[in-house]
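The following exercises concern the surfaces at which the parts of a molecular assembly meet. Please inspect the sequence and the structure before reading each solution.

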There are 2 protein chains.
Amino acid sequence: MTTPRPGLRERKKQATREALREAALRLAVEHGPDRVRVEDIAEAAGVSPRTYNNYFASREQAIVSAVTADREARIAAAVAARPAEVRLADAVTEAVVAQYTNTGEREQKALLLITAQTALRDAFLEAAAGIEPPLTAVLAERLADAEAHTARVLAASVAAAVRIALEGWLRPVQSAETAERHTAAGLVLPSGSLPDRLRAALAPLAPAFDAAEQHTRP
Amino acid sequence: MTTPRPGLRERKKQATREALREAALRLAVEHGPDRVRVEDIAEAAGVSPRTYNNYFASREQAIVSAVTADREARIAAAVAARPAEVRLADAVTEAVVAQYTNTGEREQKALLLITAQTALRDAFLEAAAGIEPPLTAVLAERLADAEAHTARVLAASVAAAVRIALEGWLRPVQSAETAERHTAAGLVLPSGSLPDRLRAALAPLAPAFDAAEQHTRP
DNA sequence: ACGTAAATTTGCGTGCACGCACTTTTCCTG
DNA sequence: CAGGAAAAGTGCGTGCACGCAAATTTACGT
């Protein structure tokens with residue numbers, strides 16, 4: 001139903017997107033994030049530079065997207081998968097934590113990279129805003145009869161909270177030297193516990209979720 | 001205390017910023033938003049194009065900033081001005097509504113302009129995110145002993161809600177032709193009541209504010 | 001009043017994002 | 001299995017954002 005048909009066209013499109021992501025990340029890791037031009041990425045993916053920009057609106061977006069993948073969509077799916085009995089606030093929190101508590105070794109390296117450059121950090125944080133649309137849809141379903149925009153506001157608030165948590169998590173590493181020292185010491189993860197930060201950031205929103213839920217079926 | 005001294009340097013800087021804003025808006029109104037180049041704005045403000053970019057990170061930002069001015073700072077100030085007895089959620093809502101319930105005739109014309117072009121609309125919406133820092137400071141003061149990040153999350157949620165309200169308010173006008181018809185009919189404001197939309201968008205967050213307030217002094 | 005340190009402005013060069021028009025590929029229907 | 005519509009890829013041109021380093025302006029102690 002959500003997949004009326006794969007279709008050759010669609011598959012090729014995804015393949016291109018994938019190739020671009022992959023090339024962007026690989027080149028960024030190899031030569032450093034600021035020493036890779038769009039032209040190089042496009043060439044590595046076997047596509048014209050102009051096409052590259054049909055897929056990504058900025059160079060940073062491509063690199064970050066290789067790490068982020070479709071995490072946002074998975075969060076929404078995870079929320080939808082929870083039984084209707086659990087507190088909505090808990091369902092959302094756990095879904096977010098679960099999806100950000102990965103991860104592969106590949107992602108670790110990439111995060112180090114992202115931390116090192118301001119433009120990449122910003123793109124990474126901004127990518128978290130992508131939770132809003134899918135999460136809005138899921139929340140709207142749960143809060144069925146409530147006013148339509150409530151779901152949207154809550155979803156956007158979650159996105160904001162996640163952004164804040166990630167920001168705080170990445171902050172201590174700010175400089176490239178710090179990153180170096182951390183790597184040397186074997187500390188791959190920037191600082192503190194990301195799950196804790198996420199929970200803390202989402203906690204203040206719980207009452208809003210509870211109220212919305214109550215309003216639906218008292 | 002916040003003004004240790006005006007200083008010639010600072011005054012000149014503000015004058016330049018003002019001149020750029022003014023020039024950007026005037027030229028955009030005169031020739032249409034997409035028919036004004038950075039070079040033109042800079043020249044009209046008597047400054048080099050490179051300097052222009054020391055003040056604004058994008059062409060849209062300059063135009064929008066002429067309309068937005070320091071609305072975000074005023075919202076925070078308005079919240080701070082309310083007596084400590086009033087419900088925090090109400091204080092914030094009223095402050096937001098008051099500051100967005102403008103406005104001069106000049107702003108009306110500018111809004112029409114902004115509505116007409118996607119890039120400008122985006123910049124306008126993104127500008128609303130500027131509420132976060134000052135609002136965080138004010139909220140942190142009210143929620144003194146609560147965990148520090150609560151203020152930040154709430155402020156960011158407010159910013160998100162405002163963005164959503166503005167988005168819905170601007171949506172019906174999307175196309176330039178629609179804008180034309182509206183002007184011809186004398187309807188300057190895009191659609192519906194902005195105050196209503198703002199209140200509706202902020203309402204779902206009220207429980208979160210209440211809970212945070214309770215937590216401070218039960 | 002002078003000189004030095006700091007901040008601001010400016011010119012230049014590089015990559016980049018994106019509109020537009022055109023070509024190539026995929027899809028669908030008779 | 002055409003053949004034409006729709007969509008994706010491409011080349012080109014324009015304006016722009018921004019790093020860098022030199023020039024200019026402001027601030028301030030002596």
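**Exercise 1. Determine how the surface near DNA strand C divides by residue class, and which residues and elements form it.**

Step 1. By class, 6 nonpolar, 6 polar and 9 charged residues make up the surface near DNA strand C. Here Ala, Val, Leu, Ile, Met, Phe, Trp, Tyr, Cys and Pro count as nonpolar, Asp, Glu, Lys and Arg as charged, and the others, Gly among them, as polar.

Step 2. The model is predicted: local features need pLDDT of at least 70, side-chain atom pairs count only at pLDDT 80 or more, and totals for chains, interfaces and linings use all residues. Residues are numbered from 1 along each chain as its sequence is written, chains are lettered from A and ligands numbered from 1 in the order in which they are written, and side-chain values use heavy atoms, with hydrogens and water left out.

Step 3. A residue is near a molecule or strand if one of its heavy atoms lies within 4 Å of it. Among the 21 residues around DNA strand C, those that come nearest are Leu8(A), Arg9(A), Lys12(A), Arg50(A) and Thr51(B).

Step 4. On the side of the nucleic acid, sugar or phosphate holds 63% of the atoms of DNA strand C within 4 Å of the protein, and bases hold the rest.

Step 5. Individual polar contacts (pairs of N or O atoms within 3.5 Å; within protein, one must be able to donate a hydrogen and the other to accept it, and residues adjacent in sequence count only if both atoms are side-chain atoms) can now be located. A polar backbone atom of Arg9(A) is 2.4 Å from a phosphate oxygen of DNA strand C. The side chain of Lys13(B) places an N or O atom 2.9 Å from a phosphate oxygen of this strand. Arg50(A), by contrast, has a polar side-chain atom 2.5 Å from a base oxygen of DNA strand C.

Step 6. Two or more residues of this surface come from each of helix 1 (8-31) and helix 3 (49-55) of chain A, and from helix 1 (8-31) and helix 3 (49-55) of chain B. Helices are DSSP runs (H or I, at least four residues), numbered from the N terminus. Helix 3 of chain B gives the largest share, 4 residues.

**Exercise 2. Carry out the corresponding analysis for DNA strand D: which residues come nearest, and which element gives the largest share of the surface?**

Step 1. There are 22 residues around DNA strand D, and Thr51(A), Arg9(B), Lys12(B), Val38(B) and Arg50(B) come nearest. Of the strand atoms that come within 4 Å of the protein, 67% belong to sugar and phosphate.

Step 2. Phosphate oxygens of DNA strand D lie 2.7 Å from a polar side-chain atom of Thr51(A) and 2.3 Å from a side-chain N or O atom of Lys12(B). A backbone N or O atom of Ala57(B) is 3.4 Å from a sugar or linking oxygen of the strand.

Step 3. The largest share, 4 residues, comes from helix 3 of chain A. By class, the surface has 6 nonpolar, 7 polar and 9 charged residues.

**Exercise 3. Describe the interface of chain B and chain A, and state how the two copies are related.**

Step 1. Each chain contributes 20 residues to the contact (heavy atoms within 4.5 Å). About 1600 Å² is buried between the chains, 68% of it on carbon and sulfur atoms. Buried area is the accessible area (1.4 Å probe) that two parts lose on being put together, summed over both. In chain B, the residues that lose the most area to chain A are Arg152(B), Val153(B) and Ile164(B), together 31% of what that side buries.

Step 2. The interface holds 4 salt bridges, a salt bridge being a side-chain nitrogen of Lys or Arg within 4 Å of a carboxyl oxygen of Asp or Glu. One of them joins Glu132(A) to Arg163(B), with the closest N and O atoms 2.9 Å apart. Helix 10 of chain B supplies the largest share of the side that touches chain A, 11 residues.

Step 3. Chain B is superposed on chain A by a rotation of 180° with 0.0 Å of shift along its axis (RMSD 0.2 Å). The two copies are therefore related as by a two-fold rotation axis. The superposition is by least squares on the C-alpha atoms of residues with pLDDT of at least 70 in both.
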